[in-house]
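Subject: Structure for you to look at

Dear colleague,

I am handing over the structure we talked about, and I would be glad if you kept it open beside this message while you read. My notes come after it.

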Amino acid sequence: MPPARSDRLEDALHRIFEGGKNTRASWFALTGGETLFAEGDVADTLYLLRSGRLGVFRRDGDEDRPPQFVGVIRPGEPAGEMAMLAGTEHTADLVALRDSEVLALPRDAFFEAARTEPDLMVELSRLMIQRARDRRSGGGEPSVFGFLSARSRPIRAFVERIAAAIEADGFTCQVIDQSALTSASEWFSRVEDAHDFVLYVAEMDEPAWAALCARQVDRVFVVGAGLMAPPNRPLPHAGVLDAQRRTDLILLRDPRMARPANTAVWLDAVNPGRWFQAVEGDQADAERMSRVITGSAVGVVMSGGGARAYSHIGALKALREAGVPIDFVGGSSMGAVIAAGPALNWSQEELEARIRKAFVQSDPLSDLAFPMLAMTRAKKVDRLLEEAYGDVDLADLHRPFFAVSTNLTSGRIEVHRRGLMRRAMRASISIPGILPPVVIDGQVLVDGAVLKNLPAEVMRQMNTGPIIGVDMSQTRGVDAETIEHPPSIWRLIATGAWRRGPPIVSILMRSATLTTDADLESSRAATDLLIQPTPDGIDIRDWKGFDPGVEAGYRATRAALDGLDRPVTHLRRPVPVSVSAPPETDAETASASPRPAAVETPRKAARRARREKPSA
């Protein structure tokens with residue numbers, strides 16, 4: 001949630017910017033999508049937002065990815081204060097999310113005026129500390145969302161269910177429809193300031209209202225019907241949201257439709273940053289979308305690790321038993337194979353049965369070949385993947401999912417979110433030297449663990465909520481005794497151990513899943529709960545070690561959950577302020593329905609403080 005603004009800071013900024021007759025502050029307007037300042041610009045001005053909303057975006061050096069969203073600046077809040085006070089360049093882009101009015105004060109004028117406002121520097125320092133904390137904890141996220149219908153049936157009931165789920169989680173939420181079309185811009189600002197979250201909803205036959213919504217919100221959800229084609233006419237959009245990939249897609253389907261379909265057509269039409277599948281009238285899906293909006297959605301990311309990745313199955317079992325929702329899921333190598341289970345909506349029993357059949361009973365790497373490209377022909381692996389996934393498209397999964405492979409052509413990681421699932425999974429597990437590489441669109445792809453064994457940063461780009469990382473990166477998976485005293489080929493044949501391949505397979509598999517300390521540190525830093533199972537005694541190619549591997553993951557996850565002081569869904573929320581007694585209310589609030597809230601969010605605290613502030 002946004003940081004609570006100090007009344008003293010707000011009053012001091014008002015006096016500096018607007019109180020004096022001889023002020024050097026200037027006023028100007030920004031249209032939605034216009035940049036106030038960019039990363040690297042000289043910070044010689046302090047800005048104050050009078051109306052509208054500004055988005056803070058940071059680049060990660062990858063031109064193929066949109067800038068990372070950092071937070072929102074709301075009316076009454078300063079902008080650019082950190083770099084201005086330090087006399088350095090700006091470290092992020094500041095872009096108008098909608099038409100905005102801004103006041104600007106030169107740096108020297110600010111310091112001159114600050115001498116008459118002794119509280120100003122203290123309050124600014126508090127604000128900067130709070131913003132830094134919010135960026136680490138997930139605070140400062142969007143709070144105003146638009147739901148634009150792209151189907152003939154109304155979507156209001158769907159949005160109302162999401163709003164009810166948001167309120168059930170302790171937040172305040174307001175749904176606004178076309179009846180507000182003629183309202184003044186100040187009215188919208190008052191409503192947004194009075195609620196934790198505001199949801200604008202526009203039906204398909206309300207083009208004027210939909211266009212306004214697209215310009216008014218921080219993030220847009222286009223709501224379509226899975227089995228219907230996208231509308232032939234252009235959908236309402238806002239340029240800044242499109243440029244920053246902040247338009248998402250929700251496809252609703254009939255409860256009688258067992259699984260999603262036709263998603264690729266909608267992706268081509270909408271080009272969303274993310275997409276979600278939901279069943280019409282399903283409460284669980286409404287609650288899942290409410291978690292996405294409130295920053296409480298849980299993402300689970302799993303590393304590679306060969307047979308030791310059986311521990312991921314135990315981790316999922318423990319999470320499910322604890323009632324932890326799994327809203328986003330992804331992984332690398334064998335971690336991607338396990339992560340596909342929740343994405344396909346498999347039960348725990350079905351996941352375990354399918355993995356047993358594919359890996360324990362089938363010895364997937366037993367089709368040894370002359371090592372021209374790899375030690376196996378991969379025909380057995382291809383058949384197992386086809387049996388498991390058929391012609392399923394990655395876009396048509398119940399939950400947002402990704403698999404990571406390593407692109408040898410470009411030297412970068414490849415994130416798979418669309419296309420044939422079995423092809424993406426085949427690329428993600430293609431350990432160099434063990435399985436032949438996969439060629440997709442002219443790109444040569446191998447195991448994702450080669451470059452990114454725990455792709456938590458990829459998950460962070462999809463999900464602003466808590467991320468659980470199950471990491472096998474540093475678990476020992478090669479038997480030193482076997483390396484020092486390798487068995488003879490006759491012993492391998494006599495014992496049947498040849499089906500796992502010779503010891504060189506362990507060496508190649510372990511080498512492919514190693515990572516640098518810096519990369520591992522970066523990946524782990526992107527998680528909020530790190531789980532590191534230790535399946536001792538299980539070789540990286542020990543496909544028969546299913547039960548002890550699962551048990552190791554289960555124990556490690558239970559221990560990690562037991563060590564938490566709050567639910568997983570709350571890991572990125574600012575710590576709430578306990579309220580021992582409710583504040584006195586006026587007649588209007590006293591007549592409202594009582595709310596069962598024992599805590600208040602920072603924004604609620606700020607509103608209460610302003611109400612209780614004595615008049616001069």
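What follows is an account of two sheets, a pair of helices and three loop residues.

Please bear in mind throughout that this is a predicted model.

The two sheets

One open sheet consists of 4 strands in the order β1-β8-β3-β6, and their pairing is antiparallel. Its edges are taken by β1 (26-30) and β6 (78-79), and because each of these has a single partner strand, one side of each is left without a neighbour in the sheet. At the β6 end, strand β3 (residues 45-51) pairs with β6 in the antiparallel sense over 2 bridges, and in one of these pairings L48 has P78 of β6 as its bridge partner. Helix α3 (residues 107-114) packs on this sheet, where it touches β3 and β8 (100-106), and the direction of α3 makes about 75° with that of β8.

The other open sheet also has 4 strands, here in the order β2-β7-β4-β5, again with antiparallel pairing. The edge strands are β2 (35-37) and β5 (68-73), each of which pairs on one side only, and from one strand to the next the twist averages 30°. If you follow β2 to its partner, you will find that β2 and strand β7 (residues 93-96) are joined in the antiparallel sense over 2 bridges, with F37 standing opposite L94 in β7.

A pair of helices

Two packed helices are described by the angle between their axes and the distance between the axes. For helix α12 (residues 334-343) and helix α15 (residues 421-428), the angle is about 150° and the axes lie 8 Å apart. Since angles over 145 degrees count as roughly antiparallel, α12 is roughly antiparallel to α15. The crossing in which α12 passes α15 is right-handed. On the α12 side the contact is made by A336, V337 and A340, while α15 contributes M421, M425 and S428; taken by character, the residues of this contact divide into 5 nonpolar, 1 polar and no charged.

Three loop residues

D471 is found in the loop between β21 (467-470) and α17 (480-484). With a relative accessible area of 1%, D471 counts as buried, because that value falls under the 20% cut-off. Leaving aside its neighbours within four places in sequence, D471 is in contact with S303, L454, L520, R524, L530, I531, Q532 and P533. One of these partners, L520, is 49 residues away from D471 in sequence, yet the two are 9.7 Å apart in space, C-alpha to C-alpha.

The other two residues are noted for their backbone angles. N262, in the loop between β13 (247-253) and α9 (263-270), has a phi near 70°, which is a positive value in a residue other than glycine. N262 is partly exposed, its relative accessible area being 29%. D441 lies in the loop between β19 (438-440) and β20 (443-447), and its phi, near 55°, is likewise positive in a residue other than glycine. At 75% relative accessibility, D441 counts as exposed, whereas D471 is buried.

With kind regards

How values were computed:
Residues numbered from 1 in each chain as written. Predicted model: local features only at pLDDT ≥ 70, side-chain atom pairs only at ≥ 80, totals over all residues. Heavy atoms only, no water. Axes fitted to C-alpha atoms, helices over the stretch in contact; angles between N-to-C directions. Parallel < 35°, antiparallel > 145°, perpendicular 65-115°, else oblique. Left-handed = near helix turned anticlockwise from the far one by under 90°. Contact = heavy atoms within 4.5 Å. Nonpolar A, V, L, I, M, F, W, Y, C, P; charged D, E, K, R; others polar. Pairing = 2+ DSSP bridges. Buried < 20%, exposed > 50% of the residue type's maximum accessible area, 1.4 Å probe, protein only.
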